[in-house]
Amino acid sequence: MERERTFGEGFVTDDEAEAIYAFAAKLYPICRSITGNGVRETLREIGALIDLDVHEVPSGTPVFDWTVPREWNIRDAYIKNSRGEKIVDFARSNLHVVSYSMPVRQFLPLAELKKHLHTLPEQPDLIPYRTSYYADNWGFCLPHRQFENLQDETYEVLIDSSLEDGFLTYGEHLHRGETEDEVLLSAHVCHPSLANDNCSGVALLTHLAARMVGLRTRYSYRFLFAPGTIGAITWLAHNEARVGLIKHGLVISMVGDGGGPTYKRSRRGSAQIDRAVVHTLRHSGSTYSDEDFFPYGYDERQYCSPGFDLPVGLFQRSKFGTIPEYHTSADNLAFIGADHLALSYRLIVGALDVIENDRVCVNTMPRCEPQLGRRGLYHAIGGLKHAEAANMALLWVLNLADGSHSLLDIAERASLPFDVIYRAAQLLELHGLVKDLNASVR
Amino acid sequence: MERERTFGEGFVTDDEAEAIYAFAAKLYPICRSITGNGVRETLREIGALIDLDVHEVPSGTPVFDWTVPREWNIRDAYIKNSRGEKIVDFARSNLHVVSYSMPVRQFLPLAELKKHLHTLPEQPDLIPYRTSYYADNWGFCLPHRQFENLQDETYEVLIDSSLEDGFLTYGEHLHRGETEDEVLLSAHVCHPSLANDNCSGVALLTHLAARMVGLRTRYSYRFLFAPGTIGAITWLAHNEARVGLIKHGLVISMVGDGGGPTYKRSRRGSAQIDRAVVHTLRHSGSTYSDEDFFPYGYDERQYCSPGFDLPVGLFQRSKFGTIPEYHTSADNLAFIGADHLALSYRLIVGALDVIENDRVCVNTMPRCEPQLGRRGLYHAIGGLKHAEAANMALLWVLNLADGSHSLLDIAERASLPFDVIYRAAQLLELHGLVKDLNASVR
Amino acid sequence: MERERTFGEGFVTDDEAEAIYAFAAKLYPICRSITGNGVRETLREIGALIDLDVHEVPSGTPVFDWTVPREWNIRDAYIKNSRGEKIVDFARSNLHVVSYSMPVRQFLPLAELKKHLHTLPEQPDLIPYRTSYYADNWGFCLPHRQFENLQDETYEVLIDSSLEDGFLTYGEHLHRGETEDEVLLSAHVCHPSLANDNCSGVALLTHLAARMVGLRTRYSYRFLFAPGTIGAITWLAHNEARVGLIKHGLVISMVGDGGGPTYKRSRRGSAQIDRAVVHTLRHSGSTYSDEDFFPYGYDERQYCSPGFDLPVGLFQRSKFGTIPEYHTSADNLAFIGADHLALSYRLIVGALDVIENDRVCVNTMPRCEPQLGRRGLYHAIGGLKHAEAANMALLWVLNLADGSHSLLDIAERASLPFDVIYRAAQLLELHGLVKDLNASVR
């Protein structure tokens, strides 16, 4: 514990929270997909705030069982009715076009057009979000109410897209710590105008990386901004040899709404990151959801595949797939808020604080209690009815600092926040009553 | 998984269920005890349907701490009142005579007679079932209402029985599988006219054995029809050297009523048979009772004695000893039904399906997920809100097929029926994404 | 089990319970502190009933991180008002003086006096109990109601105490058993006129020690009467080499009130003493509280410090610090009762009975059940609906007596009282069906 405390309580000012929101809002209009200029523009915006290594991986590159796909770009798209009116227009919402739609320009009757239209009958005013990455296809998404009112006439459809050999693009930022052991923080950058999913996560991680500049840490922190699934797979394929350095990790997505918080544990189930996040949530005063791992979701699917089995969990507010706004045009900038981003930030940083500062200490006077009173560490007048939490933290650390319990272990056993236990250990170390084994835990 | 699925979902037609009931009804009138012609006749009826090795073990044979008793047979028995009327008649119900009653013919006053009468004061219309195997004794059982109306007169009692050196008789049927490892399925054949206890179990197992003829199985299946306690003890004593082949087992009794289902775990508590039965019950849609082992009950007492500690549980519908019909004349053919027998059959076979088909598979592409889409194993259009159970089963198998989880382990972790996981593994194997380690589990 | 049962059911007669109460009452008026003549007088009273080795440890002796303090004695103390009336008088209650108060004689105005007064505003009629062992200080304790009515005048205070080099005094009684392995029973003797805390514990242990004279036991029993904290620390420092002999232990305090019972587990959490006490409580018919270890309380803090980690729990009725009488003048002789002491005695002795008599037995006929009937150990007439607890105990012992389960293990698994299992094992041993492995457990 010779190093200064790294993260503390995860404090974030109102201004910072507004800045995170503003950055999410800046990213929101960009038409992202798993490849293409939307990803590049997003990474350029991130790169304006933090050092970012941008990687371009050519189409056709084999990555495990997958192949980097052709690059998709889109300039314009619309459906015109027989009067030449644009009734669906990509310029108004990039959700209108199924991602990875082939280029198309044709006239077709309503019956034919309908085969290419996607709607949400139960949410008739919303545009759904649809993709067709690995099937040659094209399509439009629109509100069901509009769909139902379509006249039986001839429509002109245009999708001015290109699907050609190019690159898959992702960006990395590395905060170097004292050791090469890494904490992986990963956010997907492939969804178009969906504010919570995942402009929120990208903005939060960018802010965290910027704020950590100059901070002395035990771990190195790797921030990964990559398209979902194929991006994580590509990164893992290109970094297979160094994946063993990842000691802890979080996938960050959907952190701007007021739901949850929701934590989905890593495949290991009780990795230190799992314990750190759940401990932080338990003492946060928020209700929260603590979910076991399941093999569906975001890029934790790849990090937790059995050949890697990395200790990477998923931090969210609302759980994906469970809220009406999910993957619809209702996931817009009104759905996320600076206050929600601030709480998400505090909780994530609170968990990283545990990871970063957890230590194994040993009691230097393990036989009987040391005399706290003569060191001014205890009530001078005994016999009081109630011991206080601070006293209890000192006693818990002394009692469990036997070389087999880390500070997090002690905090869990004592049902006290890590922060309280950490400060107690610091105070005891100052008085020579415990010493740091200086060993990483787990 | 190169072999065809053995049991499937335990389907049983209405005709089959009726056939099981009819066979139980055929066995019902026979006066069985732990030895004698009633057992022989029962085994003859079983032997008419399946190959059965019938063993005759002489009285006096030492079997562990016990000795095979003398053989008991009975031809007639009655109590006549002073007017010569048969007021209790063995010909009307074989429950009227205490099993193993010594031969007797005498005249006695009511007071003396009463010392030999057994009734159920709280169920005054029912005849109790009583035995006196190891004490020289005789007695009659009758409804308490009749007992209370007995006049103070002289009665003639006759029990035309014999208790002489002879044999203990039991039968075995072996279904040979690919390995010598055995599944033991055991039913007691010593109770007289009690339909549920255990004509039901005997009929169900006979039907199962008949239906398995010609079926290719991994395990060999040993069907044991033996008198309770002394029969199981005798079988264990004569098969001590090969008991190690028994990898799983079930005692089957009281499977014809509408209660439960009730499963009592083996002494081991979480043997694979315990997990397979409880898994099957959990996904059956029935309410059920999952009970820890206790050292009282049917022949699992012997199989689970500490010197054997076999993984043998007890499958029942109602739990023995807990229902008013238990060990009374109310356990008759009206108390059991073909529909109940059918459900019992399905659940037992469902559990055997798990035992027989559980396997350890390994993911051949364990790093990241394989691309299910290009194999047609996944939705071509992504972004749908809800993943389906079938998709989830594929993902669970891929994620946990790491060599340390069997399909049952995966099914339990995924909270999905074994059948769904099994089919997912089959599909993945077909596509080369998992392979069978071909090793027995546990 | 060749030895006679040691403790049995912890029977205590009404006369014995009254004797325990009377002895607590005799100790009550003595002004004890962590050193001084009050402790000596208390030990003299104990020594009048049992053999007691009294140890005197000089002031200044280093004991681990502590130093044996100067000896404190007090003869008189009062506060006089300006009319010379003793408004607070040590002679009326020794709680009036803060323990370890320096000698003082001075006149001071109310404002100055108040800095040395301690009250309980929320319990305005009670005198609090306060100490100031390791800070040079003096003070008085009084009812808040009296404090509020103090006039603004000049007061004379006198504390005729001495705080000089002397000794710390403690007493030990050893009951020698067949082995040197010890059970430690420890009660603090440092509190002045507090009846429950801990005249009750001292009286109970003294009675137990007296009653055990001549009793043949497996374990040796060490009774320790020492001042809290510094006394236990001193004892541990002087007995460090033999601490390993302590196999089980209990701190006994506050055992005379009607609350609880409360058991606080040892740091190990499931040491045999923990299991024995909780088992006894579970089958006692009392509601009770089973608490995890926490590093605050009585001398279990020292015994359970990480350098010792002894299997020592804390047995109480009400939990310290949770009742309004705690550390006040309301903890008087009316607060404790002979009936409560009797129940505490029975529960403690019940747990010691488990510790003393727990054994590992092995079934001599482990394959199948032995034939209990021919040994008269079972119902001669079978088929009864309900097995009785006694039968079940026999069956549980036979089933689990496989060399890996002690009688306590069996009692816990069977949910039957240790006593019932013990008697079943005795009966089976008599019939040669189990034999004692003669090995200590745990």
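**Close-up views of a predicted three-chain model**

**Figure 1. The surroundings of B:R40 in helix α2.** B:R40 lies in helix α2 of chain B, which runs over residues 37-47. As in every view that follows, the model shown here is predicted. With a relative accessibility of 18%, B:R40 counts as buried, because the limit for that class is under 20% relative accessible area. The side chain of B:R40 makes a polar contact with the side chain of B:N37, at 2.8 Å. When residues up to four places away in sequence are left out, B:R40 touches B:E56, B:E71, B:F167 and B:T169.

**Figure 2. The surroundings of C:L205 in helix α5.** This view is centred on C:L205, a residue of helix α5 of chain C, which covers residues 195-212. Is C:L205 buried or exposed? Its relative accessible area is 0%, and C:L205 is therefore buried. Residues up to four places away in sequence aside, C:L205 touches C:L185, C:S186 and C:A187, and also C:F223, C:F225 and C:I252. A further residue to find in this view is C:I20, which is 185 residues from C:L205 along the chain, although the C-alpha atoms of the two are separated by 9.1 Å.

**Figure 3. A salt bridge between two strands of chain A.** A:R222 and A:E182 form a salt bridge in which the closest N and O atoms are 2.8 Å apart. A:R222 belongs to strand β12 (residues 220-226) of chain A and A:E182 to strand β11 (residues 182-188) of chain A, so this pair ties together parts that are 40 residues apart in sequence. Both partners, A:R222 and A:E182, are buried. Over all chains, the count comes to 84 salt bridges.

**Figure 4. A salt bridge between two loops of chain B.** The side chains of B:R70 and B:D136 meet in a salt bridge, with 3.3 Å from N to O. The pair links distant parts of the chain, 66 residues apart: B:R70 is in the loop between β3 (66-67) and β4 (71-80) of chain B, while B:D136 is in the loop between β7 (117-118) and β8 (140-141) of chain B. B:R70 is partly exposed, with a relative accessible area of 35%, whereas B:D136, at 58% relative accessibility, counts as exposed.

**Figure 5. A salt bridge of B:R222, and a network in chain A.** In chain B, the side chains of B:R222 and B:E172 meet in a salt bridge, at 2.5 Å from N to O. This pair also links distant parts of the chain, 50 residues apart, with B:R222 in strand β12 (residues 220-226) of chain B and B:E172 in strand β10 (residues 167-175) of chain B. B:R222 is buried, and B:E172 is buried too. In chain A, salt bridges that share partners join A:E172, A:E182, A:R222 and A:R242 into one network.

**Figure 6. The interface of chain A and chain B.** The contact takes 31 residues from chain A and 26 residues from chain B. Between these two chains an area of about 2,600 Å² is buried, and carbon and sulfur atoms give 52% of it. Which three residues supply more than any other three of the area that chain A buries against chain B? They are A:D65, A:P295 and A:Y296, which supply 25% of that area. There are five salt bridges between chain A and chain B; one of the salt bridges in this view is formed by B:E369 with A:R301, whose closest N and O atoms are 2.6 Å apart. The side of chain A that touches chain B has 16 nonpolar, ten polar and five charged residues.

**Figure 7. The interface of chain A and chain C.** Here 26 residues of chain A are in contact with 31 residues of chain C, and the two chains bury about 2,600 Å² between them, 52% of it on carbon and sulfur atoms. The count between chain A and chain C is five salt bridges, and in this view the side chains of A:R374 and C:D65 meet in a salt bridge, at 2.7 Å from N to O. Helix α10 (residues 389-400) of chain A gives six residues, the largest share of the side of chain A that touches chain C.

**Figure 8. The rotation that relates chain A to chain B.** A turn of 120° and a shift of 0.1 Å along the axis lay chain A on chain B with an RMSD of 0.1 Å. That is the relation of a three-fold axis. Of the residues of chain A, A:S270 comes closest to the rotation axis, with its C-alpha at 13 Å.

Technical notes. Residues are numbered from 1 along each chain as its sequence is written. Chains are lettered from A and ligands numbered from 1 in the order in which they are written. This is a predicted model: local features need pLDDT of at least 70, side-chain atom pairs count only at pLDDT 80 or more; totals for chains, interfaces and linings use all residues. Side-chain values use heavy atoms; hydrogens and water are left out. Contact means heavy atoms within 4.5 Å. Buried area is the accessible area (1.4 Å probe) that two parts lose on being put together, summed over both. A salt bridge is a side-chain nitrogen of Lys or Arg within 4 Å of a carboxyl oxygen of Asp or Glu. Ala, Val, Leu, Ile, Met, Phe, Trp, Tyr, Cys and Pro count as nonpolar, Asp, Glu, Lys and Arg as charged, and the others, Gly among them, as polar. Copies are superposed by least squares on the C-alpha atoms of residues with pLDDT of at least 70 in both. Helices (H or I, at least four residues) and strands (E, at least two) are DSSP runs, numbered from the N terminus. Buried means under 20% relative accessible area, exposed over 50%, partly exposed in between (1.4 Å probe, protein chains only). A polar contact is a pair of N or O atoms within 3.5 Å; within protein, one must be able to donate a hydrogen and the other to accept it, and residues adjacent in sequence count only if both atoms are side-chain atoms.
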